[in-house]
Amino acid sequence: MFFERLSALARTLRFRLMLWNALAVIVTGLAILVCVREGVRVTLIRDLDRILEEDLKEISLGFVEEAGIDWGLLTDELDRKARGHEFHGWFVQFYNARGETVWSSDNTPRLSGLGKIVLEPRSLSGYRVVCRRLPVGDSRASSVCVGAQQALISRDLRRIDRLVFTVFIGLLVAAPLGGYLLAGSATRPLAKMIHTTEGLRPAQLAERLEIRGTGDELDALAARINSLLDRIGDYLQQKHDFVANAAHELRTPLAAIRASVEVALSQPRPVCEYQELLAQVIQESSALEVLVNQLLLLAESDADRLKAYADRVALDQVVAAAADMFRGVAESRGLTLSVSAATSVSVAGNRHNLRQVVNNLLDNAIKFTAAHHGQGSRGKVDVLLLRDDYRGIARLTIRDNGPGIPAEHLPHIFDRFYRVDRGRSRGDGVGGSGLGLSICQAIVLAHHGTIEAASEPGQGTTFTVTLPLSQER
Ligand code: ADP
C-alpha cells in the first residue's frame with residue numbers, strides 16, 4: 001500500500017519537476033562551490049609564490065657586484081630571517097654549479113628532490129619551493145632556492161572545504177524542498193483543471209476551466225479544452241434535438257395508423273370503409289418508411305459511412321428520368337416543367353443517392369411553386385444540367401418561380417428538421433419533415449460536391465448542385 005502510494009507519487013508531474021529542479025540546483029551549486037574552492041587554492045599558492053619570488057629577488061641583489069659577496073653577513077641575515085619566519089617554515093638553500101648544496105639555513109627541511117634546480121615554482125611534501133639562477137658575481141653559489149610551508153594554505157583550504165560541505169548539505173536538503181514547493185505552485189492550476197474535468201458529465205457540460213489570464217501554456221490548454229467542451233456540448237445538443245425531432249416526426253404517422261385501426265375495429269363496417277381505412281394505413285406506413293429511410297441515411301452520414309461508390313453515373317439520364325417521373329404531377333398542378341440537359345454528363349458516385357437528390361429538389365420546387373401559384377397559374381420549374389469541362393464539374397440548376405425563401409431562413413434550410421413554414425402539416429401536401437435538403441446536402445458532400453440555394457422572396461428559388469465529373473470518358 002505504502003509502496004503503491006510512493007510509486008504513484010513518483011509518477012506525478014510535481015515530483016518529477018521537483019526531482020529535475022533539485023538535481024539542477026545541486027549540480028550547479030556543487031560546480032560553483034568546487035570552482036570557488038579551486039580558485040581560492042590557486043590564488044593562495046600564487047600569492048605564496050609571489051612572496052617567495054620577492055625573497056629570491058632580494059637575495060639575488062647581493063650577487064650582482066663583481067667583487068663577490070660577504071657570505072658571513074649574508075648567511076647571518078638569512079638565518080635570522082629563517083628564524084623570524086619559523087612559523088611559516090621559511091628556508092633558503094644555495095647550490096654550486098655542480099648542483100651541490102653549498103649553504104642552507106638551519107631549519108631547511110630534508111626534502112627529496114630539493115637538490116634539483118627547477119626554475120618553475122613547485123610543491124614538495126607540504127612545502128612550496130621557488131629557485132633561481134644567481135647573476136654572475138660569486139664563485140661559490142650559482143643558484144638559490146627559497147621555500148615555505150603550505151600549512152597555512154592547507155589550513156585555509158580545510159576551512160573552505162568544511163564550508164563547502166556545509167553549504168552542499170544545505171543544498172541537498174533545501175533544493176528538493178524548495179523544488180517541491182515551486183513545483184506545487186506550478187502544477188496547482190493543473191490540479192485544478194483535473195478537479196474540474198473530473199466533475200464533468202456528458203449530461204452536465206456547463207462548467208468551464210478557469211483562464212487565469214497569464215497567457216502561459218496552461219492558459220492555452222484550458223482555452224483549448226473549453227472550446228472542445230463547447231463543441232462537444234453543441235454536438236450533444238444536436239444529437240439530442242435530432243432524436244427528439246425524429247421521435248416527434250415518427251409519432252405523427254404512427255398515431256394516424258393507430259387511429260385508422262381503432263376506427264376499423266370500433267364497430268362492424270361495410271367492406272368499402274375497411275378498404276378506405278386500410279388505404280390510409282398503407283399511406284401512413286409509406287410515409288413512416290420514407291422517414292425511417294431518411295433517418296437511416298442521416299445516421300450513416302453522421303458516422304461518415306455515407307460514401308459515394310465509384311459507379312459511373314450518367315447524371316443526364318438521372319435528370320431525364322426524374323423529369324419524366326415528375327412531369328405528370330407538375331402538369332396536373334398547372335406547372336410548366338422544362339428540362340435542358342447536356343449529354344454525356346457522368347459523375348462518379350451512387351446512382352440511387354444521386355437520384356434522391358434530384359428527386360428531392362424537384363419535388364420541393366413543384367410542391368412549393370404549385371402551392372404558391374394555385375391551379376392554372378404561371379408556375380414553372382426549369383431544370384438545367386451543364387458540363388463544365390474546364391473546372392471538371394457537372395452543374396445542375398433547378399429554378400422555380402415559387403414563393404421563395406425569406407433571407408433570415410435561407411442559412412438554415414439545410415439544417416435537419418428545419419421548415420420555413422412550421423404551420424404546414426404533411427397532410428396538406430406541402431409540409432414535410434424538413435429532412436429533404438439536409439439529406440441532399442449529406443449526399444452531395446459525400447460525393448465531394450457543393451449545394452447552394454439562392455432565393456428572392458416572392459420571385460422564386462434556385463438550387464445549384466455541382467459534382468466532380470467522372471474521370472473516365
Ligand atoms: P421539407 O420536407 O419541408 O420539404 P426540406 O429540407 O426539403 O424539407 O426543405 C426545408 C425547407 O426549405 C422547406 O420547409 C421549405 O420551407 C424550404 N424550401 C425548400 N425548397 C424550396 C423551394 N423550392 N421553394 C421554397 N421553399 C423551399
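Colleague: Is Glu273 buried, exposed or partly exposed?
Modeller: Buried means under 20% relative accessible area, exposed means over 50%, and partly exposed lies in between (1.4 Å probe, protein chains only). The relative accessible area of Glu273 is 30%, so Glu273 is partly exposed.

Colleague: What kind of model is this?
Modeller: Residues are numbered from 1 along each chain as its sequence is written, and side-chain values use heavy atoms, with hydrogens and water left out. Local features need pLDDT of at least 70, side-chain atom pairs count only at pLDDT 80 or more, and totals for chains, interfaces and linings use all residues; the model is predicted.

Colleague: Which residue does Glu273 meet in a salt bridge?
Modeller: A salt bridge is a side-chain nitrogen of Lys or Arg within 4 Å of a carboxyl oxygen of Asp or Glu. A search of the whole structure finds 21 of them. At 2.8 Å from N to O, the partner of Glu273 is Arg269.

Colleague: How far apart are the closest N and O atoms of Asp382 and Lys380?
Modeller: Asp382 counts as partly exposed at 24% relative accessibility, and Lys380 counts as partly exposed at 39%. The two residues form a salt bridge, and their closest N and O atoms are apart by 3.8 Å.

Colleague: Which residues are joined into one network by salt bridges that share partners?
Modeller: Asp382 and Lys380 form a salt bridge. Elsewhere, salt bridges that share partners make one network of Arg37, Glu38, Arg41 and Asp161.

Colleague: Where do Cys131 and Cys145 lie?
Modeller: A disulfide is a pair of cysteine sulfur atoms within 2.5 Å. Cys131 and Cys145 form one, with their sulfur atoms 2.0 Å apart. Strands (E, at least two residues) and helices (H or I, at least four) are DSSP runs, numbered from the N terminus. The pair ties together parts 14 residues apart in sequence, because Cys131 lies in strand 4 (residues 127–133) and Cys145 in strand 5 (residues 143–149).

Colleague: Are Cys131 and Cys145 buried or exposed?
Modeller: Cys131 has a relative accessibility of 4%, so Cys131 counts as buried. The relative accessible area of Cys145 is 0%, so Cys145 too is buried.

Colleague: Which helix gives the most to the largest nonpolar core?
Modeller: A nonpolar core is a set of buried Ala, Val, Leu, Ile, Met, Phe, Trp, Tyr and Cys residues joined through side-chain atoms within 4.5 Å. The largest has 50 residues, and Leu337 is one of those with the most contacts inside it. With 8 residues, the element that gives the most to this core is helix 8.

Colleague: Which residues does Gln294 contact?
Modeller: Gln294 lies in helix 6 and counts as buried at 12% relative accessibility. Contact means heavy atoms within 4.5 Å. Leaving aside neighbours within four places in sequence, the contacts of Gln294 are Ser433, Leu435, Gly436 and Ile439.

Colleague: Which helix gives the most to the nonpolar patch on the surface?
Modeller: Patches are made of residues with over 30% relative accessible area and no salt bridge, like charges being joined within 9 Å and nonpolar side chains (Val, Leu, Ile, Met, Phe, Trp, Tyr) within 5 Å. Phe2, Phe3, Leu6, Leu9 and Tyr180 form the nonpolar patch, with about 530 Å² of accessible area together, from the Shrake-Rupley method with a 1.4 Å probe and only the protein chains shown as cover for residues. Phe2 has 58% relative accessibility, so Phe2 counts as exposed. With 4 residues, the most is given by helix 1.
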